[in-house]
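Okay, thanks everyone, I'll keep this short. Let's put the chain up on the screen and walk through it together.

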Amino acid sequence: MKTTMIRSVKGRVRYYTLELIPNLFGEWMVVRTYGSIKKLKPTGVIREIYDNAEAAAESMQLLISAKLKKGYTNRCTLNNG
C-alpha cells in the first residue's frame with residue numbers, strides 16, 4: 001500500500017509518501033519519504049520495521065491522521081495486493 005499526500009505552504013508544494021512493504025525477513029516496513037515537489041531528490045527517507053503487518057498498518061494510519069491534521073490532502077493511494 002502506498003499513499004501520497006501534498007500540501008502548499010507559502011507557495012511551496014510539499015509531498016509526503018507512506019509505503020507499507022514486506023521485507024525478506026518476514027517483517028513489515030513503513031517507509032516515509034518527504035520533500036519538495038520542485039526537487040528531484042527527497043528531503044528525507046525514514047524506514048521503520050515492525051514484526052507484523054497489523055502493527056505496521058496501525059502505525060501508518062496514525063501517521064496519515066497526523067498529516068491530515070497538519071493540512072496535507074490525500075493525493076493518491078495505491079493498494080498492491
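I'll start with a charged pair: Arg32 and Glu48 make a salt bridge, and their closest N and O atoms sit 3.1 Å apart. That pair ties together distant parts of the chain, with Arg32 in strand 3 (residues 28-36) and Glu48 in strand 4 (residues 44-50), 16 residues apart. Arg32 is buried, at a relative accessible area of 14%, while Glu48 is partly exposed at 23%. And how many salt bridges does the count come to? One.

Before I go on, a reminder that this is a predicted model, so please hear everything with that in mind.

Now the overall picture. The chain has one helix and five strands, and if you read along the sequence you get β-β-β-β-α-β. The C-alpha trace spans about 40 × 25 × 20 Å along its principal axes. There are 81 residues in the chain, and 31% of them are buried. As for the surface, the chain exposes about 5,700 Å², with carbon and sulfur atoms supplying 54% of that. If you take contacts between residues at least 6 apart in sequence, 41% of them join residues at least 24 apart.

Okay, on to the strands. Strand 1 and strand 2 run antiparallel, with eight bridges joining them. If you want landmarks on screen, find Thr3, which stands opposite Leu18 in strand 2, and then Arg7, which stands opposite Arg14, also in strand 2. The two strands form a hairpin with two residues between them.

Have a look at that turn, at Lys10, in the loop between strand 1 (2-9) and strand 2 (12-22). What is odd about its phi? The value is near 55°, so it's positive in a residue other than glycine. Most residues other than glycine have a negative phi, so that's one to flag. Lys10 is also exposed, with a relative accessible area of 83%.

Strand 2 then carries on to strand 3, again antiparallel, and here nine bridges join the pair. Pro22 stands opposite Trp28 in strand 3. This hairpin has five residues between its strands, and in the turn there's Gly26 with a positive phi of about 80°.

Next, Ile37, in the loop between strand 3 and strand 4. Ile37 and Pro22 are 15 residues apart along the chain, and their C-alpha atoms are separated by 27 Å. Ile37 is partly exposed, at 42% relative accessible area. Leaving out neighbours within four places in sequence, which residues does Ile37 touch? Ile6, Val13, Tyr15 and Arg75.

Right, let's go inside. The largest nonpolar core has eleven residues, and for anyone following along they are Met5, Tyr16, Leu18, Leu20, Val30, Tyr50, Ala56, Met60, Leu63, Ile64 and Tyr72. Strand 2 and helix 1 are the elements that give two or more residues to this core. Which element gives the most? Helix 1, with four residues.

Let me zoom in on one core member, Tyr50. Beyond neighbours within four places in sequence, Tyr50 is in contact with Glu27, Trp28, Val30, Ala55, Ala56 and Ser59. Of those partners, Val30 and Ala56 are listed in the core as well.

I've saved my favourite for the end, and that's Lys67, in helix 1 (residues 53-69). Here's the thing to chew on: Lys67 is buried, yet it has no salt bridge. The nearest side chain of opposite charge is Glu48, and that is 11 Å away. Remember Glu48 from the start: its salt bridge is with Arg32. So which residues are around Lys67? Neighbours within four places in sequence aside, Lys67 is in contact with Met5, Tyr16 and Tyr72. Met5, Tyr16 and Tyr72 are also on the list for the largest nonpolar core.

To wrap up, three things to click through afterwards. There's the Arg32 and Glu48 salt bridge between strand 3 and strand 4. There's Lys10 with its positive phi in the turn of the hairpin of strand 1 and strand 2. And there's Lys67, buried without a salt bridge. That's it from me, happy to chat.

Conventions: Residues are numbered from 1 along each chain as its sequence is written. This is a predicted model: local features need pLDDT of at least 70, side-chain atom pairs count only at pLDDT 80 or more; totals for chains, interfaces and linings use all residues. Side-chain values use heavy atoms; hydrogens and water are left out. Buried means under 20% relative accessible area, exposed over 50%, partly exposed in between (1.4 Å probe, protein chains only). Lys and Arg count as positive and Asp and Glu as negative; His and the chain ends are not counted. A salt bridge is a side-chain nitrogen of Lys or Arg within 4 Å of a carboxyl oxygen of Asp or Glu. Contact means heavy atoms within 4.5 Å. Two strands pair if DSSP finds at least two bridges between them. A nonpolar core is a set of buried Ala, Val, Leu, Ile, Met, Phe, Trp, Tyr and Cys residues joined through side-chain atoms within 4.5 Å. Accessible areas come from the Shrake-Rupley method with a 1.4 Å probe; for residues, only the protein chains shown count as cover.
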